[in-house]
Structure formats: structure tokens, C-alpha cells
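Thanks for coming, everyone. Please have a look at the sequence and the model on the screen, and then we'll talk about charged pairs and cysteines.

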Amino acid sequence: MTLSDSAVGDILYTSWGYEQTNIDFYEIVARRGKSTLSLRKLRCSSEVEGWCRHKVLPLKGQFAGNQVLTRRISKHGTAKIESYAILHPWDGEPKHATSYARSRSIRTMHRHPQRHQALSAARLGASLFPAS
């Protein structure tokens, strides 16, 4: 499948990062014409494979927020979420992510985004303002 052949309900993904590999999944929720996609980001499940390595799978229909993104497919058949994140059709296989720090925090981030934000803020505060 190519982006041009994709249909509503299909899942796309991005793989990006510098010192780590981040995987994000998106579901096509609408198509307009041949080149316009409406996407929503999906929540994911993650299974630890080793130190700072995990298998990531999308949770179809479980959206991460309410935001709908509109992206155009270029004349070359590609589309981007951001300048560094190119969309690819998902082949149904787990994707492999790496994290620079804690593998556990990745699972928390996808399963409980509000809890992850609170934990991250608490960790940041603790590192900036250590107990005396």
C-alpha cells in the first residue's frame, strides 16, 4: 500500500528521533480527494524487549486526544507530520522503539498520558530542586 492508495481506517506511522527512535501511529479518519488526509494520533501498547528497547503497536480506534491533523500527499507520494517525521503505511508488524532513559516511562506515557506528564514533572522538579 502507498499513501495514495490508503483509505479511511488505515493506520500510518512515523519513526523519528536522534539519540532514540520514537514511533507514532495515526489513523486515517477522512480523505478528501486524492491527496488530502485527515489523521488522528493513536494510543499505543509497548512491550519491553531489552534495556531501553520496546516493541510498539497501535491501539486502533483509541485516539490520543481530539486533535485532527490534515496533511497533503506530495507529488512524490509522501506526507509529513512534522519536517522530521514522514508518514509510512503500517504493515501490521510491531515497530521497534528505543528510549534514551526509562523504558517504563514509555509504557506509562502511552497508557496513561496524564499520569506520565505528572510523573515527568515530578522527576524534573526533583532533579532541579533536590531535597537538602
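Start with Lys95. Is this lysine buried or exposed? Lys95 counts as buried, at 13% relative accessibility. One caution before I go on: this is a predicted model.

Now the partner. The side chain of Lys95 meets that of Asp91 in a salt bridge, 3.2 Å from N to O. Asp91 counts as exposed, with 51% relative accessibility. The cut-off for exposed is over 50%. So we have a buried lysine paired with an exposed aspartate.

How many salt bridges does the structure hold? Five. I'll take you through two others.

Next, Lys41 and Asp24. Their side chains form a salt bridge, with N to O at 3.5 Å. Where do the two residues sit? Lys41 is in strand E3, residues 36-50. Asp24 is in strand E2, residues 22-32. The pair therefore ties together parts that are 17 residues apart in sequence. Look at accessibility here too. Asp24 is buried, at 10%. Lys41 is partly exposed, and its relative accessible area is 33%.

Then Arg53 and Glu49. This is another salt bridge between side chains, 3.4 Å from N to O. Arg53 is partly exposed, at 43% relative accessible area. Glu49 is partly exposed as well, at 33%.

On to the cysteines. In general terms, a disulfide is a covalent bond between the sulfur atoms of two cysteines. How many disulfides does the count give? Zero. The rule asks for a pair of cysteine sulfur atoms within 2.5 Å.

Two cysteines to find on the screen. Cys44 is buried, with a relative accessible area of 1%. Cys52 counts as buried too, at 5% relative accessibility.

Stay on Cys52 for a moment. Where is this residue found? Cys52 is in the loop between E3 and strand E4, which covers 53-63. Its backbone deserves a look. Cys52 has a positive phi, about 60°, although this residue is not a glycine.

To recap. Five salt bridges, zero disulfides. Among the salt bridges, Lys41 with Asp24 links strands E3 and E2. And in the loop between E3 and E4, keep an eye on Cys52 with its positive phi. Over to you for questions.

Note on methods. Residues are numbered from 1 along each chain as its sequence is written. This is a predicted model: local features need pLDDT of at least 70, side-chain atom pairs count only at pLDDT 80 or more; totals for chains, interfaces and linings use all residues. Side-chain values use heavy atoms; hydrogens and water are left out. A salt bridge is a side-chain nitrogen of Lys or Arg within 4 Å of a carboxyl oxygen of Asp or Glu. Helices (H or I, at least four residues) and strands (E, at least two) are DSSP runs, numbered from the N terminus. Buried means under 20% relative accessible area, exposed over 50%, partly exposed in between (1.4 Å probe, protein chains only).
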